[in-house]
Amino acid sequence: QNAHIRKTSSSTVDVDGTTIPTDITGHVADGWYYIRNVHNNQYLSVNEGNAVFSSMTAGDDSALRFYISTENKSVTIKPYDGYTDEDAKYLMIAEEDGKYKLKVSESMAEDSINAYYKFLLREPNIGDFNIISAAYGGEAYLMLDGNTPIFGLTGTDNDQLWRLEPVDEPV
């Protein structure tokens with residue numbers, strides 16, 4: 001799926017002839033993606049301001065599409081229904097009911113973005129990524145709590161792995 005990426009060792013990846021560490025996000029191209037959890041094989045979606053899982057297949061619903069934008073070592077992720085060039089909605093980490101959940105922000109200007117809206121991507125296996133909040137020093141991984149996406153410090157390997165499936169820009 002990520003043909004422009006070639007893993008060269010456990011700690012580096014070759015991107016168009018340049019070898020970089022796998023904990024750097026820059027090798028993920030800006031663009032539209034479906035985000036699928038390896039453990040439950042369901043797609044991340046947005047419903048009423050919350051990140052949820054959908055059993056729909058990719059392509060069935062625009063709510064399954066996310067725009068990933070790389071910025072140095074971090075990325076921002078915008079849901080399909082909140083993507084504009086000026087003010088946009090972003091995925092963010094927020095505490096709710098004693099858990100750190102993946103939520104959708106209100107529309108905001110890009111200069112208001114802070115660590116709660118930024119994520120790190122690590123690729124421990126070819127094509128499988130960890131999505132890590134930049135707000136907690138790289139220690140909070142997006143994972144499953146039952147069938148809900150939350151951020152946590154521990155989890156099984158598979159419930160912390162995500163596939164980024166590139167899609168064409170929506171019309």
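**Stop 1: strand β14**

Start by selecting residues 128-133, strand β14, in this predicted model. Six of the six residues here are buried, so the strand is largely enclosed by the rest of the structure. Colour the two faces separately and you will see cover on both: Asp 128, Asn 130 and Ile 132 are buried on one side, while Phe 129, Ile 131 and Ser 133 are buried on the other.

Which strands pair with β14? Take them one at a time, beginning with β13, residues 119-125. This strand runs antiparallel to β14, and five bridges link the two. For a landmark, show Leu 121, which stands opposite Ile 131 of β14. Then follow the chain through the hairpin that β13 and β14 make: two residues sit between the strands, and Gly 127 takes a positive phi near 85°.

Next, add β17, residues 162-167. Here too the strands run antiparallel, joined to each other by two bridges. Pick Phe 129 on the β14 side and look across to Trp 162, which stands opposite in β17.

Finally, bring in β15, which pairs with β14 in the antiparallel sense over two bridges. The residue to label on β14 is Ile 132, whose bridge partner in β15 is Tyr 141. These two strands also form a hairpin, this time with six residues between them. In its turn, Gly 137 has a positive phi of about 60°.

**Stop 2: from β15 across to β11**

Stay on β15, residues 140-145, and go to its end at Asp 145. Show the side chain along with that of Lys 99: the two meet in a salt bridge, with N to O at 2.3 Å. Why is this contact worth a look along the sequence? Lys 99 belongs to strand β11 (residues 99-104) and Asp 145 to β15, so the pair ties together parts that are 46 residues apart in sequence. Both ends can be checked on the surface: Lys 99 is partly exposed at 34% relative accessibility, and Asp 145 is partly exposed at 29%.

Now select Glu 96, Asp 97, Lys 101 and Lys 103, which salt bridges with shared partners join into one network. Put Lys 101 at the centre of your view. The side chain of Lys 101 meets that of Glu 96 at 3.3 Å, N to O, and Lys 101 also forms a salt bridge with Asp 97, where the closest N and O atoms are 3.9 Å apart. Is each of these three residues buried, partly exposed or exposed? Lys 101 has a relative accessible area of 18% and is buried; Glu 96, at 28%, is partly exposed; Asp 97, at 69%, is exposed. The structure as a whole holds six salt bridges.

**Stop 3: two backbone curiosities**

Keep Asp 97 selected and turn to the backbone. This residue is in the loop between β10 (91-96) and β11, and has a positive phi of about 55° although it is not a glycine.

Then jump to Glu 48, in the loop between β5 (43-47) and β6 (50-54). Glu 48 is not a glycine either, yet has a positive phi of about 50°. Switch on the surface and you will find Glu 48 exposed, with a relative accessible area of 76%.

**Stop 4: a tyrosine patch**

With the surface still on, highlight Tyr 100, Tyr 116 and Tyr 136. Together they form a nonpolar surface patch with about 270 Å² of accessible area. Zoom in on Tyr 116, found in the loop between β12 (108-109) and β13. Tyr 116 is partly exposed, with a relative accessible area of 38%.

**Stop 5: aromatic rings inside**

Hide the surface for the last stop. A search of the whole structure finds five aromatic pairs. One of them is Trp 32 with Tyr 67, an edge-to-face pair at 5.4 Å centre to centre and 70° between the planes. Trp 32 lies in strand β4 (residues 31-37) and Tyr 67 in strand β7 (residues 65-71), so the pair ties together parts that are 35 residues apart in sequence. Both residues, Trp 32 and Tyr 67, are buried. To finish, add Tyr 80 to the selection: Trp 32, Tyr 67 and Tyr 80 form one aromatic cluster.

Methods
Residues are numbered from 1 along each chain as its sequence is written. This is a predicted model: local features need pLDDT of at least 70, side-chain atom pairs count only at pLDDT 80 or more; totals for chains, interfaces and linings use all residues. Side-chain values use heavy atoms; hydrogens and water are left out. A salt bridge is a side-chain nitrogen of Lys or Arg within 4 Å of a carboxyl oxygen of Asp or Glu. Buried means under 20% relative accessible area, exposed over 50%, partly exposed in between (1.4 Å probe, protein chains only). Helices (H or I, at least four residues) and strands (E, at least two) are DSSP runs, numbered from the N terminus. Two strands pair if DSSP finds at least two bridges between them. Patches are made of residues with over 30% relative accessible area and no salt bridge: like charges are joined within 9 Å, nonpolar side chains (Val, Leu, Ile, Met, Phe, Trp, Tyr) within 5 Å. Accessible areas come from the Shrake-Rupley method with a 1.4 Å probe; for residues, only the protein chains shown count as cover. Rings of Phe, Tyr and Trp (its six-membered ring) pair if their centres lie within 6.5 Å; planes under 30 degrees apart count as stacked, over 60 as edge-to-face and the rest as tilted.
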